[in-house]
Amino acid sequence: MTRKVMVGDVAIGGDAPVSVQSMTNTDTRDIRSTLKQINELYESGCQIVRIAVPDSEAAEAVKHIKKESPVPIVADIHFDYRLAIKAAENGADKLRINPGNIGNKEQLTKITKVAKERKIPIRIGVNSGSLEKDLINKYGGITAEALFESAENSVEYMMDTGFEDLVLSVKSSDVVLNYQTHMLIKDKLDIPLHIGITEAGTVKTGMVKSAIGIGSLLLRGIGDTIRVSLTGNPIEEVKFAKEILKSLGMLDNSINLISCPTCGRCRIDLVEIAKDVEKMITSLEPEMEKYKPGKIDVAVMGCVVNGPGEAKNADIGIAGGKGKGILISKGEILASVPEEELTSALEKEIRRRYFGDLND
Ligand code: SF4
C-alpha cells in the first residue's frame with residue numbers, strides 16, 4: 001500500500017478511494033473564466049483541479065482562485081522555482097513540478113521548504129517526452145527501465161532535500177510502455193501514484209487509450225488518483241474518468257448502465273430508450289451524494305425472452321416486448337409498461353427504491 005498525502009481535504013494514497021482530477025485549459029490569469037471552469041469540473045465530479053502557472057501573474061491569480069474554488073487547487077509549474085514558491089504562498093493545495101527542469105538542488109530545497117511550511121504535497125511528474133538524454137542513451141531509447149530510473153532518481157532527489165510528502169506520476173503516451181513502467185514501480189516505491197495516459201489524443205482515441213491504460217493499472221491495484229487526458233473539453237475528462245471507476249466497481253454511489261446490443265428479437269427502439277435512460281441516470285447524479293444509494297446496476301434489454309435472464313444480476317431494469325416492455329429487478333418481473341413509458345417507469349422505481357421518493 002502507498003502512503004497517504006492530503007491535497008486540501010482530499011486524501012491520495014493509502015486506503016483512500018481513487019480520486020478523479022483534471023486540469024483547466026483556460027488562461028489562469030483570467031480568474032473569472034478559470035473559476036467558471038473549475039466550478040463546472042466540480043459539478044461533473046472532479047475532486048482536484050490543476051491549473052497552469054506559467055508566469056508571475058498566474059501565480060498571483062492562484063490567491064483569488066483558491067479563495068473561491070470548491071475543490072483543492074494544484075499549481076502546475078515548469079522551469080521557474082520562484083513561481084512554485086509564489087503559488088504555494090498564495091494558497092495552492094499541491095504543487096506539480098518536474099525536478100529535472102526546475103533547477104538545481106538549492107532551488108528545489110527552497111520549494112520544499114515552503115511546501116513543508118504550508119503542509120502541502122508535491123507531485124513529481126516524469127514524462128516520456130522529457131526523459132533525460134543520458135537515460136535514453138543508457139537504455140537505447142525511451143524504455144520502461146529508463147522511465148523507472150528517472151522516477152527513482154527524482155524521488156531520491158526530492159527526499160534528499162528532506163521532503164517526503166510526495167505524489168509520483170510517470171506517464172507515457174504509449175499505453176504498453178506506461179503499463180510496463182508501472183509494473184517496475186509497483187513493488188519498489190510506496191509513493192502515492194497519479195496515473196494516466198499523457199497526450200492520449202482526441203476524445204475518441206483518448207478514451208480508448210485511457211480506459212486501457214488506467215483500467216489495466218487499477219485492476220492490478222496500482223494508482224491512487226487518475227487523470228484522463230483528452231484534447232477536448234476537460235469536463236469530458238472527468239465524465240470519462242468516472243466511467244472508468246464505475247466500470248471497475250470503484251465508484252461509490254453510482255449507477256452503472258448495462259444495455260444489450262439488440263438483435264433480431266428486439267421489437268422496441270432500444271437505442272433511443274438506452275440514450276434516454278443514460279440521460280436520466282446522469283440527471284440523478286447530483287442527488288447521489290445526498291441519498292448515498294451505493295452502487296446500482298441498471299439494465300436496459302431489448303427483449304423479454306432473454307432480457308430478464310440476461311439482466312438477472314441487475315438491481316433494476318427494463319426489457320422490451322412488442323410496443324411495450326417489462327420492469328424487472330434481479331430477474332423478477334415487476335410490471336408491464338407501454339414502450340413510451342419505460343424510461344419514466346424505470347426512473348420512478350429507482351427513485352422509490354434508492355432515493356426515498358414514495359410519491360406515485
Ligand atoms: S436482450 Fe434480447 S434483443 Fe437484446 S441482444 Fe439479447 S436476445 Fe437480442
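Reader: Before we get to the helix across the sheet, what do the angles between elements run between?

Author: The angles are taken between N-to-C directions and run from 0 to 180 degrees, with the axes being lines fitted to C-alpha atoms. In this predicted model, helix H8 (residues 175-185) lies across S8 and S9 and runs at about 145° to S8.

Reader: And what is the strand order in the open sheet of eight strands?

Author: The order is S8-S7-S6-S5-S4-S3-S10-S9, and the pairing is parallel. Strand S8 (166-171) and strand S9 (194-195) stand at the edges with a single partner strand each, so one side of each has no neighbour in the sheet.

Reader: How many bridges pair S6 with S7?

Author: Strand S6 (residues 94-97) and strand S7 (residues 122-127) are joined in the parallel sense over three bridges, and Arg96 has Arg123 in S7 as its bridge partner.

Reader: Switching to pockets, which residues lie nearest the centre of the largest one?

Author: Those are Ser44, Gly45, Lys242, Leu251 and Glu285, out of 41 lining residues, and the pocket holds about 1300 Å³ of space. The lining divides into 21 nonpolar, nine polar and 11 charged residues, and H10 gives the largest share, eight residues.

Reader: Where does that largest pocket lie relative to the domains?

Author: It lies between domain 1 (4-247) and domain 2 (254-354), because both give residues to its lining.

Reader: And the second largest pocket, how much space lies in it?

Author: About 370 Å³, and among its 19 lining residues Thr2, Gly221, Ile222, Gly223 and Asp224 are the closest to its centre. That lining divides into nine nonpolar, four polar and six charged residues.

Technical notes
Residues are numbered from 1 along each chain as its sequence is written. This is a predicted model: local features need pLDDT of at least 70, side-chain atom pairs count only at pLDDT 80 or more; totals for chains, interfaces and linings use all residues. Side-chain values use heavy atoms; hydrogens and water are left out. Two strands pair if DSSP finds at least two bridges between them. Helices (H or I, at least four residues) and strands (E, at least two) are DSSP runs, numbered from the N terminus. Contact means heavy atoms within 4.5 Å. On a 1 Å grid over the protein atoms alone, a cavity is a set of points where a 1.4 Å probe fits but cannot get out, and a pocket is an open set with protein on both sides within 12 Å along at least five of seven lines; lining residues have an atom within 4 Å of a point. Grid points are joined across faces, edges and corners, and a volume is the space filled by probe spheres set on the points. Ala, Val, Leu, Ile, Met, Phe, Trp, Tyr, Cys and Pro count as nonpolar, Asp, Glu, Lys and Arg as charged, and the others, Gly among them, as polar. Domain bounds come from an automatic or database domain assignment.
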